[in-house]
Structures are given as structure tokens and as C-alpha cells.
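Hi everyone, thanks for making time for this. I'd like to walk you through one chain and then settle on a single strand in it.

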Amino acid sequence: MRLPSFLMVRNVDPHHLQRYLLPQEEDAVVIRRHPAMLLRHIAEAVLGLILAGVLSGLIAQSTVLTVIWAVWFLLLGRLAFKVYEWSDEFFAVTGVRVMLVHGLVTRRVDMMPLSKITDLTVDRSVFGRMLGYGTVVLESAGQDQALSKVRFVPEPEGIYLQISAVAFGHGDD
């Protein structure tokens, strides 16, 4: 199963990825989460623009107009921050573990060793099926893990098969 190029993290700085990998690990699969996770922020910015435009036609007071457009620019700034944050995070599946590296202000690495995975589930909503994303749920034996759900995974069935092949064997044992 082939992912679109904007979802693959091909041009990750090797030092950026290597700082999170153990010496025996190889980066088997490194992907970017689906851009659908940005839809809420895009919708807020677009609706804010429409509302600011309508209010600009109805209100003549310059101070109120300045506040309206300042709020819209804040929405636009938040959207830009979320897009940059999305572009800087990645989800990796190695032969040893699964990890999600995310956050700009506070960098966070959530991980689960493959040996701890006892169950693997893929959840896809109606929108997820239409847009090509889902949630991969990783379960371990009675323990709370830092990484239990990874939302907005592109082509989650393919990722599910890759994690299953590494975690549970290829079936020829």
C-alpha cells in the first residue's frame, strides 16, 4: 500500500530522527499524520474570515473593526502554528517499538515497545473512511502506556499490517 508523498516523512533530518532511535533500530516506517487533523483549524479560520467580512460591512466604528480583524489574525496565526506543528511531528514503527514524536514548544516522544503490544485495533469513522485516515489503538497487558491511541493515521490498515508483521511475526514461525 503506497502513501501519498506529503504523508511520508522522506526528508526528515537524519539527526532529527536518529536522536530518538536506539542503535539496533532501523526506521522501518516513518509517516506524518493525516492532514485531516487540521480541518477544524482551517474551518475556524475560514468561518472567522467570513464573519469578519460580514461584520466589516455592517459596522463602521474603526476600533471595533480593528478588534474583529485582530481576532481573525489570531485565528490565522493559530492555523499557521498548527500546520507547522503537524509538519514537524512524525509517527515511526521500528523493529523494536512504535513511537509518536510531537510538539514544538514542548517536544514529546510517546512510545510503546512492540513486545508489550497484546492487541492492535483500527478504528475508522465515516469521515475517516472518506478521507483516508483512522485511529490505531495499541493495547498492552493491563498497563497504561504513553502511546495507546494514534489518531489521524493515513491508510491505517497498511500501518496495522506493518505493525502486526513486526510485533506478531510474519506467520512463518
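Before we start, a word on terms: when I say buried, I mean a residue with under 20% relative accessible area. And please keep in mind that this is a predicted model.

Let's go straight to strand β2, which covers residues 90–93. Which way do its side chains go? F90 and A92 point one way, F91 and V93 point the other way, and all of them are buried.

So who are the neighbours of this strand? On the β1 side, we have residues 29–31, and β1 pairs with β2 in the antiparallel sense over three bridges. If you'd like a spot to look at there, V30 stands opposite A92.

Now for β3, residues 97–102. This strand also pairs with β2 in the antiparallel sense, here over four bridges. The residue to find is V98 in β3, which stands opposite V93. How many residues does the hairpin from β2 to β3 run through? The answer is three.

Let's zoom out to the whole chain. There are five helices and seven strands, and along the sequence they follow the pattern α-β-α-α-β-β-β-β-α-β-β-α. The chain has 173 residues, and 36% of them count as buried. As for contacts with a separation of 6 or more, 55% come from residues 24 or more positions apart. On the outside, the accessible surface comes to about 10300 Å², with 60% of that belonging to carbon and sulfur atoms.

To leave you with one picture: β2 has antiparallel pairings with β1 and with β3. Thanks, everyone!

Technical notes: Residues are numbered from 1 along each chain as its sequence is written. This is a predicted model: local features need pLDDT of at least 70, side-chain atom pairs count only at pLDDT 80 or more; totals for chains, interfaces and linings use all residues. Side-chain values use heavy atoms; hydrogens and water are left out. Buried means under 20% relative accessible area, exposed over 50%, partly exposed in between (1.4 Å probe, protein chains only). Helices (H or I, at least four residues) and strands (E, at least two) are DSSP runs, numbered from the N terminus. Two strands pair if DSSP finds at least two bridges between them. Contact means heavy atoms within 4.5 Å. Accessible areas come from the Shrake-Rupley method with a 1.4 Å probe; for residues, only the protein chains shown count as cover.
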